[in-house]
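Thanks for coming. I have one chain to go through today, and I will take the odd spots in the backbone before the helix packing.

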Amino acid sequence: MQLGRTQRLADDSAFNVLNKHCLDENGRISLPLDTVEVARRLGIGLEWDDDPNMSSERSGYSQLDSEGKPKIFVNPKQGRERMRFTVAHEIGHIYRAMCDGTIDQLVPHDRAELATQGTDDDEIYANTFAAELVMPEAIVRRWVEEAVPFTKLMARFGVSKSALTNRLNNLELA
Ligand SMILES: [Zn+2]
């Protein structure tokens, strides 16, 4: 698949975050990635939004808190795998705004199910970022080469079947 400019940017950004903020004491990325911890390390707040009116399709969004700091709101009514990806997606939105110096203009970004089909540039960025953060390309390629079974890959990355399927398709490894 030919990557567009937005996707290359998102890939590079996620790669940088992985190498700067996600390495353990042995210099390795510990998987499944704890995206809540990554948000914390980046100075991003996180709150479980258990508003009963929050629909189950709305998995998360981010906006500035009262002190002007970026904060991710996560719907706890979703599986652990989806939550991991949701937080990674929202980190993508915030990280892009931080890099662009536009964090003070951060508007609530919804991660609704529809957005995952994204044609919107910000959504493409956030989805690409999240995929690389949670399923780093080099590691996916290595494990696929080692013939690690699909269900084991799901467990190692802590992702849903559909997230892994998309990732393998996009890397033309399916
Ligand atoms: Zn989004």
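Ala147 is exposed, because only 7 other C-beta atoms lie within 10 Å; the scale here is exposed for 12 or fewer such atoms, buried for 20 or more, and partly exposed in between, with C-beta atoms placed from the backbone. Ala147 sits in the loop between α5, residues 137-145, and α6, residues 150-157. Its phi is positive, about 60 degrees, although Ala147 is not a glycine. Most residues other than glycine have a negative phi, and most peptide bonds are trans.

Before going on, the ground rules. This is a predicted model, so local features need pLDDT of at least 70 and side-chain atom pairs count only at pLDDT 80 or more, while totals for chains, interfaces and linings use all residues. Residues are numbered from 1 along each chain as its sequence is written.

Glu172 is another non-glycine with a positive phi, about 55 degrees. Glu172 is in the segment after α7, and it counts as exposed because it has 7 C-beta neighbours inside 10 Å.

Where is the cis peptide bond that involves Pro32? It runs from Leu31 to Pro32, with omega near -5 degrees. Pro32 belongs to the loop between α1 and α2.

Now the overall layout. The chain has seven helices and four strands. Both are DSSP runs numbered from the N terminus: H or I over at least four residues for a helix, E over at least two for a strand. Along the sequence the order is α-α-β-β-β-α-β-α-α-α-α. There are 174 residues, and 33% of them are buried. Taking contacts between residues at least 6 apart in sequence, 69% join residues at least 24 apart. Contact here means that two C-beta atoms, placed from the backbone, lie within 7 Å.

Next, the helix pairs. Two packed helices are described by the angle between their axes and the distance between the axes. The axes are lines fitted to C-alpha atoms, for helices over the stretch in contact, and the angles run from 0 to 180 degrees between N-to-C directions.

Start with α1, residues 5-21, and α3, residues 80-100: the angle is about 95 degrees and the axes are 11 Å apart. That makes α1 roughly perpendicular to α3; the classes are roughly parallel under 35 degrees, roughly antiparallel over 145, roughly perpendicular from 65 to 115, and oblique for the rest. On the α1 side the contact uses Ala10, Ser13 and Val17, and on the α3 side Gly92, Tyr95, Arg96 and Cys99. Four of these residues are nonpolar, two polar and one charged. In this scheme Ala, Val, Leu, Ile, Met, Phe, Trp, Tyr, Cys and Pro are nonpolar, Asp, Glu, Lys and Arg are charged, and the others, Gly among them, are polar.

What about α1 and α4? Their axes come within 8 Å and cross at roughly 40 degrees, so the two helices are oblique to each other. The crossing is right-handed, meaning that the near helix is turned clockwise from the far one by less than a right angle; anticlockwise would be left-handed. Residues in this contact include Leu9, Phe15 and Leu18 of α1, and Ile124, Phe129 and Leu133 of α4. By class, the contact has 10 nonpolar, four polar and three charged residues.

One α1 residue in more detail is Gln7. Gln7 is partly exposed, because 19 other C-beta atoms lie within 10 Å. Beyond its neighbours within four places in sequence, Gln7 contacts Ile124 and Thr128. Its C-alpha atom is 9.2 Å from that of Asp121, which is 114 residues away along the chain.

The third pair is α3 and α4, with axes within 8 Å and a crossing of roughly 125 degrees. That makes α3 oblique to α4, and this crossing is right-handed.

Last, the largest nonpolar core, which has 33 residues. A core is a set of buried Ala, Val, Leu, Ile, Met, Phe, Trp, Tyr and Cys residues joined through C-beta atoms within 7 Å. Ile91, Phe129, Ala130, Leu133 and Val134 touch the most other members. Helix α3 gives the largest share, eight residues. Outside its four-place sequence neighbourhood, Ile91 is in contact with Thr35, Val38, Ala39, Leu42 and Ile44.
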